[in-house]
Amino acid sequence: MQIKTKLLIFGISTIVILTAYQLWDNYLDYKNSVTQARALHLSQYQNIFENLLKEQYVLFGLGLTALLNDQHLMQLFAEQKREELYQKIKHYHDIARQDFHIDHIHFHLAPAISFLRVHLPEKHSDDLASFRPMVVETNKILQPKRGLEVGRKGLKLRLIYPAFYQNKHIGSIEISGEPLRLAHHLKHIFGLEYAVGIKQQVFDKAKRFESAKTDIKIGEQVFYTFSSQIASEFISQYQENDIDYIFDEQLYTTYKIPLHDFTNQYIGDLLLIENIDSIQKMMWHKLMWHLVVSIFMVIIIVSLLSWFITKSIHNPLQYIVKIAENISSGYLNQEFKNNHRNDEIGRLAFAMQKMAIQLRENLLCVQEVIEQIKIMSNQLKQTAEQIAQNSSLQTTNLEKTNQSMVHLTNSVGHNASSASYTFSRAKEAALLAQQGDKAILNTTLVMEEIIERINVVKEIAHQTRLLALNAAIEAAKAGQQGLGFEVVASEVRQLSDHSHETALKISQLTYNSQKVSDYAKKMFNRILPEVQETAQLVDGINQTCHEQSKKIIEINKLIIQLEIITHQNLAASEELASASSEMNTQAQQLSTLMNHFIL
């Protein structure tokens with residue numbers, strides 16, 4: 001998978017993730033906004049309701065203060081003149097009911113006996129102590145009491161002051177009103193529906209007259225009064241733990257304002273019902289708008305990031321990949337663009353450039369070495385061929401030398417045989433000399449000539465010995481060449497011929513000596529020592545010839561060994577020539593491989 005595809009996948013994944021995150025974040029913001037708005041509304045409604053209560057208490061206080069300050073009224077109340085009191089206060093009650101939302105004015109005798117209900121004058125003298133604790137408490141502690149209290153007809157807002165006449169406690173006066181008027185203010189101002197729920201045990205304690213058909217009991221609460229039919233129908237599906245409801249295809253939410261009596265004891269709730277469908281739609285549209293803007297911003301950011309990554313990473317990497325592919329194809333003469341980056345890609349490009357340069361230099365060195373190997377292999381091949389040729393020529397010369405040495409050996413052997421024969425003949429001549437002393441004397445001159453010839457033979461033998469020594473030296477020096485053996489062999493052959501001729505002359509002279517032996521018989525005794533000496537000399541020649549024969553045999557052995565070594569050199573030179581040819585072939589193949597690279 002290409003980097004560009006990976007970057008595209010990364011960008012799309014990032015957009016999806018960021019969009020999901022933004023959607024979730026916006027949803028949480030929406031939920032928080034709804035929660036905060038609900039909390040704010042609840043706080044506002046509760047504050048307004050409490051402020052309305054306080055205002056109503058102020059109005060009630062003003063009314064009670066006016067009554068308590070009217071001494072005539074207090075006198076009538078103290079004298080318990082119910083009818084006169086009623087006639088005097090009836091007009092005030094009507095005005096207060098109309099202008100100050102005062103529903104009832106009620107006079108009590110201590111501790112809690114009804115004296116006059118201005119709104120219901122015919123009913124009086126009933127004991128309220130069992131269900132009107134505010135009256136009992138006021139008359140007991142002689143302190144004003146105010147607050148919500150549930151009576152037989154339901155929830156009322158009451159303010160009770162103790163009454164005094166001439167500093168004597170005569171009872172208490174109560175002003176009460178309907179708290180639902182305060183809820184009506186919320187309905188008219190904010191468009192809220194409402195319902196009042198009172199705990200069942202509170203109703204039971206207040207001895208409520210009877211349950212209405214419209215009562216709706218949910219849990220421990222009894223909702224007995226509603227702002228409208230819509231509120232009644234809404235309460236019918238109300239659950240204590242739920243907040244939002246879909247009613248009549250509209251979204252509603254509820255707010256609980258807890259109700260407490262004058263002792264601050266919880267007695268029930270004022271349940272406000274608000275239609276938030278338009279608010280919810282507005283906030284939802286706002287959420288969607290924020291989401292669209294967020295997605296658009298994410299797309300722009302990811303696009304800019306992708307463009308930056310493509311420009312700073314993908315394109316340089318693509319360029320480096322192209323350079324690497326060209327290098328792998330053999331193009332080492334690549335020109336790199338100027339690289340001024342210090343990040344990983346810059347270092348990678350610099351390393352690639354350095355590698356290409358180093359590889360090119362190394363391959364140039366390898367190419368030079370290949371050319372040198374080719375030249376050296378050719379030279380080695382020529383040298384091996386020359387050595388093989390010289391070895392072959394040396395082998396031929398050694399074979400000829402060996403043949404010559406065979407002839408020389410034969411000649412020396414023949415000379416030795418001749419010398420032995422001469423020695424035997426000399427002995428016979430000595431024996432004959434003893435018989436022919438006189439003849440020997442006559443052959444003295446001839447024998448002198450023989451002695452001279454014999455000296456020549458000795459000289460020849462001496463020279464032969466020197467030549468044999470030279471032949472040994474030349475054989476040692478010959479090494480691979482061995483050309484000197486032919487010269488030595490030729491000289492030895494000539495000396496051998498000369499020795500042969502001399503021997504013939506000696507024979508001839510000996511023959512002549514035999515002719516004159518008869519005349520030299522008398523001289524034999526004088527010639528006999530010389531004859532014996534001649535025999536000894538001939539014996540020395542014989543021994544010398546035998547020694548020469550041994551040396552020549554040793555030379556032949558050396559020549560044979562030299563011939564073997566020469567054959568080995570010839571085979572080694574041929575193998576060397578073959579190896580040089582193979583090395584030249586390998587160098588050619590390596591050169592062919594090097595042609596793949598363009599330097």
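This is a short walk through a few local features of the structure above, which is a predicted model.

Let's start with salt bridges. General point first: side chains of opposite charge can pair when their charged atoms come close. How many salt bridges does the structure hold? The count is 10. The part I'd like to show you is a network that links Arg132, Glu149, Arg158 and Glu174.

Take Arg158 to begin with. One of its partners is Glu149, with the closest N and O atoms 3.1 Å apart. Another is Glu174, and there the closest N and O atoms are 2.5 Å apart. That second pair links distant parts of the chain: Arg158 sits in strand β4, residues 154–165, Glu174 sits in strand β5, residues 168–177, and the two are 16 residues apart.

So, are these charged residues buried or exposed? Arg158 counts as buried because its relative accessibility is 7%, and the cut-off for buried is under 20%. Glu149 is buried as well, with a relative accessible area of 4%. Glu174 comes in at 1% relative accessibility, so Glu174 is buried too.

Here's another salt bridge, between the side chains of Glu193 and Lys187, at 3.8 Å from N to O. Glu193 counts as buried because it has 14% relative accessibility. Lys187 has 22%, so Lys187 counts as partly exposed.

While we're on β4 and β5, look at the loop between them. Gln166 is in that loop, and so is Asn167. Gln166 has a phi near 55 degrees, which is positive even though the residue is not a glycine. Asn167 isn't a glycine either, and its phi is positive at about 60 degrees. Both stick to the exposed category: Gln166 because its relative accessibility is 64%, and Asn167 because its relative accessibility is 78%.

One more backbone detail, in another loop. Which peptide bond is cis? The one from Ala110 to Pro111, with omega near 0 degrees. Pro111 is found in the loop between β1, residues 104–109, and β2, residues 113–117.

Okay, aromatics. A pair of aromatic rings is described by the distance of the centres and the angle of the planes. The count here comes to seven aromatic pairs. One of them is Phe203 with Tyr224, an edge-to-face pair, 5.3 Å centre to centre with 85 degrees between the planes. This pair also links distant parts of the chain, with Phe203 in helix α6, residues 200–205, and Tyr224 in strand β8, residues 221–226, 21 residues apart. Phe203 counts as buried because its relative accessibility is 2%. Tyr224 is at 12%, so Tyr224 counts as buried too.

Next to talk about is Phe234 with Tyr252. Their rings are tilted, 5.8 Å centre to centre, with 55 degrees between the planes. Phe234 belongs to helix α7, residues 229–235, and Tyr252 to strand β10, residues 250–260, so the pair ties together parts that are 18 residues apart in sequence. Phe234 and Tyr252 are both buried. There's also a cluster, where ring pairs link Tyr45, Phe190 and Tyr255.

Now a helix, α2, residues 71–78. Which residues of α2 are buried? They are Leu73, Met74, Leu76 and Phe77. These four are on the same side of α2, because they cover an arc of only 160 degrees around the axis. For the background, an α-helix has 3.6 residues a turn, so residues three or four places apart point the same way.

Both ends of α2 have something to look at. At the start of α2, a side-chain oxygen of Asp70 comes to within 3.2 Å of the backbone nitrogen of His72. Just after α2, Gln80 takes a positive phi of about 55 degrees.

Last stop is the surface. There's a nonpolar patch of about 710 Å², made by Trp289, Val293, Phe296, Met297, Ile300, Ile301 and Leu304. Val293, one of the patch residues, lies in helix α8, residues 277–328. Val293 counts as partly exposed, because its relative accessibility is 33%.

To recap for anyone who came in late: a salt-bridge network that includes Arg158, seven aromatic pairs, a helix α2 with Leu73, Met74, Leu76 and Phe77 buried, and a nonpolar surface patch that includes Val293.

Note on methods
Residues numbered from 1 in each chain as written. Predicted model: local features only at pLDDT ≥ 70, side-chain atom pairs only at ≥ 80, totals over all residues. Heavy atoms only, no water. Patch = residues over 30% accessible without salt bridge, like charges linked within 9 Å, V, L, I, M, F, W, Y side chains within 5 Å. Areas by Shrake-Rupley, 256 points an atom, 1.4 Å probe, with all protein chains shown as cover. Salt bridge = Lys/Arg side-chain N within 4 Å of Asp/Glu carboxyl O. Buried < 20%, exposed > 50% of the residue type's maximum accessible area, 1.4 Å probe, protein only. Arc of directions from axis to C-beta. Polar contact = N/O pair within 3.5 Å; in protein donor to acceptor, adjacent residues only side chain to side chain. Phe/Tyr/Trp six-rings, centres within 6.5 Å; stacked < 30°, edge-to-face > 60°.
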